[in-house]
Amino acid sequence: MKFDHILVRYGELTLKTKNRMMFVYALRDRMNQALSNFDVEVRANRDRAYIDINDENPYEIIDKLLNISGILSMSPVVKIAKSDDAMKETVLKFANSIESGHTFKIEVKRADKNYHLDTFGIQQLLGGQVMEHTDHLTVDVKKPDYKIMVEIRPDAIYMYYDSIKGLGGLPLGTGGKALLMLSGGIDSPVAGIDLMKRGVEIEAIHFHSPPYTSPQATEKVKKLVDIMSDRTGFDIKLHIVPFTELQTTIYDKVPDNLSMTSTRRVMLRLSEKLSEKINAEAIVNGENLGQVASQTLTSMYAINEVTNLPVLRPLLTLEKNDIVAMAKRMGTYETSILPFEDCCTIFKPKAPKTKPNLEMVKKFESNVDFEPMIEKALNNIEVYMPSKESEEVDDFSDLL
Ligand code: ATP
Ligand code: MG
C-alpha cells in the first residue's frame, strides 16, 4: 500500500484550550527537528497534524516520532478527493494489499456532516465495492482482522488501516526548564527522560572528582547524555563540575557518617547556583524513597534544606525493577551499568546515617567556608553538547 501522509493525533494538549496553539507549534517544531533528514512537510493544525511524506517510508518516519512527547497516536494515510469514485478506487487498493483469507470491516468517521452519504451509506458503498471486485476477503463486523478506516473531513477524505500508539505526555518546551543531577547510575537518566515527557526541557549537571574518578566515568556520563538526546530529539547540555576540592574537604572536616549528607548538600547548593544562571526553575534527581541511606525522608529533609528551588524526584515511589525496565526501554541501561565509579561511590562512608541530624551537619559545615570553593568549581565547569561531539573529534584529529 502506498501512503502519502501520516496523520498525527495529539495527546493531552487537546485539553489545554487556552494555550493550545503554543503546544501545537512546540510539537510541530519537535517533529520538524526529529525529521530533519527526511524529505517531508509537517502541517500542524489545531486538532491534528498531517505530514506529507513524499516518497519517504512512512514506518521509518513513525519510528522517529515514537519518542516525541505530545503525540497520542499516528497512522499512515492516503489522502483522497471528496468523492464516491475516489473512495471506491482507493478502497480497492487497501483491500488488495490484504492477504487472502482474512476478514475486514469498513469503519467510517464522518467529521464533515455535510457529506452526501451518511456512515451507513459509505459502509454499504465501500463494502459492496470490495465484495464485487475482489474474492479473497470476507466481511466480519465484530472481530475483523483488518479495519479499513475512512475519515470524511472538511478538507479531504483520509483512508488508513491502523493507529500506532505514540509516547503521550506534553510537547517538549512547553513546561519550562529544569536542571538534572546526572550521576552515571541507572536512576538519574530515567528521571530526566521521564520529566521531559511532561514537556520540561533539561540541562544536566555532573560532579566528578579527578583523579579519584576516572576519565571513563565522565565519558560514560557524556555517553548517557548522547543517548538521552538521541532518544528525545533534544540536545541536552551537560555541565561537568570539578568536585575534588569540595569532596576531599568534606571528607576531612565532616565525620564519616555525616559526610554523605554534606556531599549532597554541597551538590545541591552548586546545582541551585547553576540553575539560577541557566534559568532553570527546578532541580531533578533520581532519588527513590528508601533505596539507600541518603534517600530516607530524614535525609531528604536535611539535604533539601540548602535550597528553595523545587527538587523533583520523578522516581520517588517506583520499584527498582520498574526503573531498570524503564532504563532498558530508554536505552540507557547498558551504559549505566558500566563499572566506572562516580565520586559518591569512591567517597562512600562505611555507615552513612539514615537519620542524619540537620543541626549536627550544620555544626560541622560551619567550620568550613565552602563558598569560595563553590565559586571556583562553578567557574571551572566544562560544558559538553551532544551535537558538537563530531566537531570536537574533528578538531582534535587536526592536532595529531
Ligand atoms: P543513580 O542511579 O541516579 O546514580 P542512585 O540510586 O545511585 O542513583 P545516589 O547515588 O544516592 O542514588 O544518588 C542520588 C541522586 O543524586 C542521583 O540519582 C543523582 O540525581 C544525584 N547524584 C548522585 N551523584 C551525582 C553526581 N556525581 N553528579 C550529579 N548528580 C549526582
Ligand atoms: Mg549513583
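A polar contact is taken here as a pair of N or O atoms within 3.5 Å. In the predicted model, a backbone N or O atom of Gly286 meets this criterion, lying 3.0 Å from an oxygen atom of ligand 1. Two further approaches to oxygen atoms of the ligand are found, one from a backbone N or O atom of Ile186 at 2.9 Å and one from a polar side-chain atom of Asp187 at 2.7 Å. The protein covers 90% of the 570 Å² of accessible area that ligand 1 has on its own.

The surroundings of ligand 1 comprise 22 residues, of which Met181, Ser183, Asp187, Ser188 and Gln291 come nearest. By residue class, this shell divides into 9 nonpolar, 9 polar and 4 charged residues. Helices α5 (187-196), α8 (256-278) and α12 (343-346), together with strand β11 (201-208), each supply at least two residues of the shell, and the largest share, 3 residues, comes from β11. An unreviewed UniProt entry carries the annotation "binding site" for Met181, Leu182, His206, Phe207, Arg264, Gly286 and Gln295. Met181 thus appears both in that annotation and among the residues that come nearest to the ligand.

Two of the annotated positions can be placed more fully. His206 lies in strand β11 and, with a relative accessible area of 2%, is buried, because the limit for that class is under 20%. Gly286, by contrast, is situated in the loop between β13 (282-284) and α9 (297-304), yet this residue is also buried, at a relative accessible area of 12%. When residues up to four places away in sequence are not counted, Gly286 touches Asp187, Ser188, Ala191 and Leu315. Of these, Asp187 and Ser188 also belong to the residues that come nearest to ligand 1, and Asp187 has the side-chain approach of 2.7 Å described above.

Elsewhere in the chain, the unreviewed UniProt entry assigns a THUMP domain to residues 59-163. This span is 33% helix and 30% strand, and its end C-alpha atoms lie 12 Å apart. Within these residues, Lys105 is located in strand β5 (residues 103-110). Although lysine is a charged residue in the classification used, Lys105 counts as buried at 18% relative accessibility. A polar atom of the Lys105 side chain lies 3.4 Å from the backbone oxygen of Val141. Leaving aside neighbours within four places in sequence, Lys105 is in contact with Asp140, Val141, Pro144, Tyr146, Lys147 and Ile148.

A second buried residue with a charged side chain is Arg48, for which the relative accessibility is 9%. Arg48 is placed in strand β3 (residues 48-52), and its side chain makes a polar contact of 3.0 Å with the side chain of Glu151. Apart from neighbours within four places in sequence, the contacts of Arg48 take in Leu7, Val8, Arg9, Tyr10, Arg43, Glu151 and Arg153. Glu12, in the loop between β1 (5-10) and α1 (20-34), is partly exposed at 32% relative accessibility. Beyond four places in sequence, Glu12 touches Gly169, Leu170 and Arg198, while its C-alpha atom is separated by 8.5 Å from that of Ile71, 59 residues apart along the chain.

Several loop positions have notable backbone geometry. The peptide bond from Pro210 to Pro211 is cis, with omega near 5 degrees. Pro211 is found in the loop between β11 and α6 (215-232) and counts as exposed at 73% relative accessibility. The C-alpha atoms of Pro211 and Thr244, which are 33 residues apart along the chain, are separated by 8.0 Å. Positive phi values in residues other than glycine occur at Asn54, where phi is near 45 degrees, and at Asn279, where phi is near 60 degrees. Asn54 belongs to the loop between β3 and α2 (58-65) and is partly exposed, at 34% relative accessibility. Asn279 belongs to the loop between α8 and β13 and is exposed, with a relative accessible area of 61%.

Key
Residues are numbered from 1 along each chain as its sequence is written. Chains are lettered from A and ligands numbered from 1 in the order in which they are written. This is a predicted model: local features need pLDDT of at least 70, side-chain atom pairs count only at pLDDT 80 or more; totals for chains, interfaces and linings use all residues. Side-chain values use heavy atoms; hydrogens and water are left out. A residue is near a molecule or strand if one of its heavy atoms lies within 4 Å of it. A polar contact is a pair of N or O atoms within 3.5 Å; within protein, one must be able to donate a hydrogen and the other to accept it, and residues adjacent in sequence count only if both atoms are side-chain atoms. Accessible areas come from the Shrake-Rupley method with a 1.4 Å probe; for residues, only the protein chains shown count as cover. Helices (H or I, at least four residues) and strands (E, at least two) are DSSP runs, numbered from the N terminus. UniProt positions are given in the numbering used here, feature names are shortened, and annotations may be inferred rather than shown by experiment. Buried means under 20% relative accessible area, exposed over 50%, partly exposed in between (1.4 Å probe, protein chains only). Contact means heavy atoms within 4.5 Å.
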